[in-house]
Amino acid sequence: MFLVLLFPILIYFGYGRGLKTNNKEKINYEERTGHRKKTDYEKKSNYKEKHDRKLPADSRPAVVNAIMKGRMGIPTMDGFTATFMDLANRGYISLRNLEPEEIGSSDIPESEPEDFMIELNHSIYYKDKENLSELEDFEEDVLHLLKDHASERKVSWRELRMKLDSRMDFYQFITAWSKKVQVHTEIDRFFKSTGNRYMNRFSRGVLISAIVYYIAISGYFPSDEFPQVSRINTMTALIGIWGFVMTKNSGMFVKIFGRWTPEGNLYYERWDNFKEYLTNLSTLKKMSS
């Protein structure tokens, strides 16, 4: 029990600490890349500066999502939605309100969110390869998905969502799509998950040991002859449950037992400051006036 409680603490302080990184490593990295170490005041206020109104890095939305919000470089569904919106922003698809004759043509209840029409660019729809050279493979996949469900280059959002929700192959698509995004994130540059791997192995070892120990104690020391065995088995069972829970939910503890690299720490801070700038309405009003 003492080992089970002590080992995670050692892993946390040795390999984890979440967003924190070694200050010496961080300063050295900032000096090499021209990013000096900011003061606490600057960290709080730099998103108000004019140059921070621009995107902090030339990264695809799905990649930013995978690093900032995902697990080990695997994007969330927000990353898929962001890719969809980015394709519209770059002109590969367009979004518009429904025409009067198109409203009410769907069988979806009125209580659903407001609908809109998705239209693929004409040249994209008929000449794929010639016009997709600037896209990453996972972005092309989203376009192909839209094309497969579009009739005459267009499909309504309600209709698309209804088709995707009712088909099992969309889950397979998202799984394969997420793996492609993960390749582009190069997560090892930004985050070291060594501590989480150690913790995962330790949890599995604890679970297996608890099962073996429970069977061995029960077999060789019957509780009717050894009254204290029931207490030992109770503690063993609790340790086994702890190991099972930690193993089953290992993905939830990645950022607890892992740590950002100096490059990853800077990447995270810059995007987090940009997010703070976008979500601070008072600052946006000042900058736009």
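Trainee: Which residues touch the most other members of the largest nonpolar core?

Mentor: Keep in mind that we're looking at a predicted model. As a rule, nonpolar side chains in soluble globular proteins tend to be buried together. Here the largest nonpolar core holds 39 residues, and the ones touching the most other members are F80, I93 and W177.

Trainee: Which element gives the largest share of this core?

Mentor: Several elements give two or more residues to it, including α5 (77–89), β2 (117–120), α10 (169–185) and α15 (262–279). The largest share is 6 residues, and it comes from α4.

Trainee: Why is helix α4 described as largely enclosed by the rest of the structure?

Mentor: Helix α4 covers residues 61–68. Its buried residues are A62, V63, V64, N65, A66, I67 and M68. The helix counts as largely enclosed because the buried ones make up 7 of its 8 residues.

Trainee: What does I93 touch, leaving out residues up to four places away in sequence?

Mentor: I93 is one of the residues with the most core partners. Among the residues it touches are F84, L87 and A88, and also L143 and L146. The rest of the list is I118, E119, L120 and N121.

Trainee: How many residues are in the second, separate core?

Mentor: Look for V4, I11, M199 and F202, which are included in it. This second core has 8 residues.

Trainee: Is H149 buried or exposed?

Mentor: Find H149 in helix α8, which spans residues 137–149. Beyond its neighbours within four places in sequence, H149 is in contact with V155, L160, K163, L164 and R167. Its relative accessible area is 8%, and under 20% is the cut-off, so H149 is buried.

Trainee: Which residue has its backbone oxygen 2.9 Å from a polar atom of the H149 side chain?

Mentor: Stay in helix α8, where H149 sits. The backbone oxygen at 2.9 Å from that side chain belongs to L145.

Trainee: Which helix gives the most to the nonpolar patch on the surface?

Mentor: The patch is formed by I9, Y12, F13 and I256, and together they have about 370 Å² of accessible area. Y12, for example, lies in helix α1 and is partly exposed at 33% relative accessible area. With 3 residues, the top contributor is helix α1 (residues 2–15).

Trainee: What is the phi of E186, a residue other than glycine?

Mentor: Most residues other than glycine have a negative phi. E186 sits in the loop between α10 and α11 and is partly exposed, with a relative accessible area of 44%. Its phi is a positive value, near 50°.

Trainee: How far apart are the C-alpha atoms of M235 and M1?

Mentor: M235 belongs to helix α13 (residues 229–248), and it is partly exposed, with a relative accessible area of 43%. Along the chain, M235 and M1 are 234 residues apart. In space, their C-alpha atoms are separated by 8.1 Å.

Trainee: What share of the protein's contacts with a separation of 6 or more comes from residues 24 or more positions apart?

Mentor: For the overall picture, the protein has 16 helices and 5 strands, and 37% of its 289 residues count as buried. Among contacts with a separation of 6 or more, the share from residues 24 or more positions apart is 78%.

Notes:
Residues are numbered from 1 along each chain as its sequence is written. This is a predicted model: local features need pLDDT of at least 70, side-chain atom pairs count only at pLDDT 80 or more; totals for chains, interfaces and linings use all residues. Side-chain values use heavy atoms; hydrogens and water are left out. Buried means under 20% relative accessible area, exposed over 50%, partly exposed in between (1.4 Å probe, protein chains only). Helices (H or I, at least four residues) and strands (E, at least two) are DSSP runs, numbered from the N terminus. A polar contact is a pair of N or O atoms within 3.5 Å; within protein, one must be able to donate a hydrogen and the other to accept it, and residues adjacent in sequence count only if both atoms are side-chain atoms. Contact means heavy atoms within 4.5 Å. A nonpolar core is a set of buried Ala, Val, Leu, Ile, Met, Phe, Trp, Tyr and Cys residues joined through side-chain atoms within 4.5 Å. Patches are made of residues with over 30% relative accessible area and no salt bridge: like charges are joined within 9 Å, nonpolar side chains (Val, Leu, Ile, Met, Phe, Trp, Tyr) within 5 Å. Accessible areas come from the Shrake-Rupley method with a 1.4 Å probe; for residues, only the protein chains shown count as cover. A salt bridge is a side-chain nitrogen of Lys or Arg within 4 Å of a carboxyl oxygen of Asp or Glu.
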